[in-house]
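The following note is offered to a colleague beginning to read protein structures. Please keep the sequence and the model open while working through the numbered points.

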Amino acid sequence: MSSSTRIVALLLFCAAKTLRAADYPAPAEADYTIRNFKFTSGESLPELRIHYRTLGKPEKDAQGKTRNAVLIMHGTTGSGAQFIPRPEFAGELFGKDQPLDATKFFIVLPDGIGHGKSSKPSDGLDAKFPHYGYIEMVEAQYRLLTDGLGVNHARLVMGTSMGGMHAWLWGETHPEFMDALMPLASLPTQISGRNRAWRRMIIDAIRSDPAWNGGEYKAQPPSLRTAEVPNAIARVALLRDPVARPLGGPVVEVCAVAKRDLKADEVLDKFVADYMKTSDANDVLYALEASHDYDPGPNLDKIRAPLLAINSADDLINPPELGILEREIKRVPHGRAIVIPLSDKTRGHGSHTIAALWKDQLAKLLKETEKQLEISRLRSE
C-alpha cells in the first residue's frame, strides 16, 4: 500500500469514527442549584451548582414512576463531558439499537461536586471551599435527579473509576432507587495500596509546595505537574508493553498522530503540558482528598438491585491479584463480578471507557433485569 493510500485510508477511518460518534441525539446542558447544601464537615454553601448533560427524554409509567433514566458518573478530576463525543464510549452505547439507545433511555451525565462546571474551589473560594467527600457527591447527584430533573427511579446507575465507587455507595444509600448497578474499574473497599499511594504522593506534593501558599496562590504551583505524572507514566508504560497496541493508551489516538515511533518523553511532555493549561491545584487536591469517606465494605449487604462489577486484569489501580473484588462481591445479595482478561484491546485502568470490552455484559444486565421487572409487574396485577 502506498503512503498516499495509507493517508486516505486513515482519513476515511477517522471520518467513520466521527460519524459514528454523532449517531445519537445531541446532549442538552444545564445547571441545577441546590440551596443551603450542608456538608458532613459542618460547612455549607448557600448555593451549590451541579452541572449536567442529558440525552433523551424521561418516561414514566401509569403509576408515575420513571422507567428509563440512566445515571453515568465520571472519574476523579473528570466530568460528564468525558463521555461525549468519544466514539469508544458514547459511540458504542448511545446510538440507535445500542445498549443505551438515547432515543429510548434518559441518560444523565453530571459533573460531580468540585469537578467540571459544577461548584469547585477554583470558582473563587479556593481553600475556603467546603471539604467534600464521596457521600456528599452522591447526595448531590440524588438531589439533581429527584428535585432537579423529577426522576424518582433509575433504570441503571453506573460509573467509571470514582464514578464506579459512587455506584457502590448509591446501591447502599438508595437501595430501592435503581433496577440495576454497574460499577466499572473500582473496588468495594476503602482506598488503599497503589490507589492510596498515588493520591498521597500528589496530595503531599501540593500541600508541601511553598508556591501553593495554603491554597491562596496567584499562579498555579509547580507541584500541579506532579498531579498528572502518575497518569502519564501509566500511558507511557503502555508504549513499552509488548501486548499493547503500537500507539499505546487512550492518550495517543490514531487520528491524532502521523507516525508510530513516538517516544515516551514526547508523550509525557505533551500530556502534562496540556493538563497544566486546564487544571487547578486546589481542584485536584480537593478531588483526591474527597475519597477520605469512601468505605462501602460494611454495608454491601444493603444493596438490593442486581449489581455487575467489571474490572480489567491490567488495572494498576485495582490489581485483581489481591482478590478483593472476588471476595467482597459474595456479600452483595444479587452481585456478580467480571475481570476482563488482558489483551491488545484492554487499556489498564482506562478500560472502563472502552465500551466494546464490556457492552455485551451491560446489554445482558439490562435484559436480565427487564425480565425481572416484567415478572414483578405481572405479579402485582
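1. Pro85 is a suitable place to begin: this residue is found in the loop between β3 (69-73) and α2 (90-93). The peptide bond that leads from Ile84 to Pro85 is cis, with omega near 0°. The reader should bear in mind throughout that this is a predicted model.

2. Two further loop residues deserve attention for their backbone angles. Asp97 is not a glycine, yet its phi is positive, at about 65°. The residue is located in the loop between α2 and β4 (106-110). Because its relative accessibility is 57%, Asp97 counts as exposed. Asp126, likewise not a glycine, has a positive phi of about 50°; its place is the loop between β4 and α3 (134-148).

3. Thr33 belongs to strand β1 (residues 28-38). With a relative accessibility of 29%, the residue counts as partly exposed, since the partly exposed class runs between 20% and 50%. Which residue lies 14 residues from Thr33 in sequence and 6.1 Å from it in space, C-alpha to C-alpha? That residue is Glu47. Setting aside neighbours within four places in sequence, Thr33 is in contact with Glu47 and Leu48.

4. The aromatic residues form a topic of their own. The model contains 12 aromatic pairs. One of them joins Phe37 and Phe39 in an edge-to-face arrangement, with 5.1 Å from centre to centre and 75° between the planes. The pair is called edge-to-face because its angle of 75° is over the cut-off of 60 degrees. Phe37 is buried at 2% relative accessibility, and Phe39 is buried at 5%. Elsewhere, ring pairs connect Tyr24, Phe83, Phe89, Phe94 and Trp358 into a cluster.

5. The nonpolar interior should be described as more than one unit. The largest nonpolar core has 49 residues, and the members that touch the most others are Ile113, Tyr132, Trp168 and Trp170. A second core, separate from that one, consists of 28 residues, including Leu109, Leu156, Ala180 and Leu362.

6. Is Asn311 buried or exposed? Asn311 counts as buried because its relative accessibility is 5%, and the limit for that class is under 20%. The residue is part of strand β7 (residues 307-312). Its side chain reaches the backbone oxygen of Ser186 at 3.1 Å. Beyond residues up to four places away in sequence, Asn311 touches several others, among them Leu184, Ala185, Leu187, Asn318 and Ile340.

7. Arg199, in helix α5 (residues 193-207), presents a point for careful reading. The residue is buried but has no salt bridge. What is the nearest side chain of opposite charge, and how far away is it? It is Asp293, at 9.5 Å, whereas a salt bridge requires the atoms to be within 4 Å. A polar atom of the Arg199 side chain does lie 3.4 Å from the backbone oxygen of Leu288. Not counting residues up to four places away in sequence, the residues that Arg199 touches include Thr76, Tyr134, Met165 and Leu288.

8. The count of salt bridges in the model is 19. One of these is formed by Arg207 and Glu289, whose closest N and O atoms are 2.9 Å apart. This pair links distant parts of the chain, for Arg207 is in helix α5 and Glu289 is in helix α8 (residues 281-289), 82 residues apart. Arg207 is partly exposed, with a relative accessibility of 38%.

9. Glu328 takes part in two of the listed contacts between charged side chains. With Arg327, Glu328 forms a salt bridge of 2.9 Å, N to O. With Arg331, Glu328 forms a salt bridge in which the closest N and O atoms are 2.8 Å apart. Glu328 counts as buried because its relative accessibility is 10%. Arg327, at 46%, is partly exposed, and Arg331, at 35%, is also partly exposed.

10. Finally, salt bridges may join into a network. Glu29, Arg53, Asp111 and Lys117 are linked in this way.

Methods
Residues are numbered from 1 along each chain as its sequence is written. This is a predicted model: local features need pLDDT of at least 70, side-chain atom pairs count only at pLDDT 80 or more; totals for chains, interfaces and linings use all residues. Side-chain values use heavy atoms; hydrogens and water are left out. Rings of Phe, Tyr and Trp (its six-membered ring) pair if their centres lie within 6.5 Å; planes under 30 degrees apart count as stacked, over 60 as edge-to-face and the rest as tilted. Buried means under 20% relative accessible area, exposed over 50%, partly exposed in between (1.4 Å probe, protein chains only). Helices (H or I, at least four residues) and strands (E, at least two) are DSSP runs, numbered from the N terminus. A polar contact is a pair of N or O atoms within 3.5 Å; within protein, one must be able to donate a hydrogen and the other to accept it, and residues adjacent in sequence count only if both atoms are side-chain atoms. Contact means heavy atoms within 4.5 Å. Lys and Arg count as positive and Asp and Glu as negative; His and the chain ends are not counted. A nonpolar core is a set of buried Ala, Val, Leu, Ile, Met, Phe, Trp, Tyr and Cys residues joined through side-chain atoms within 4.5 Å.
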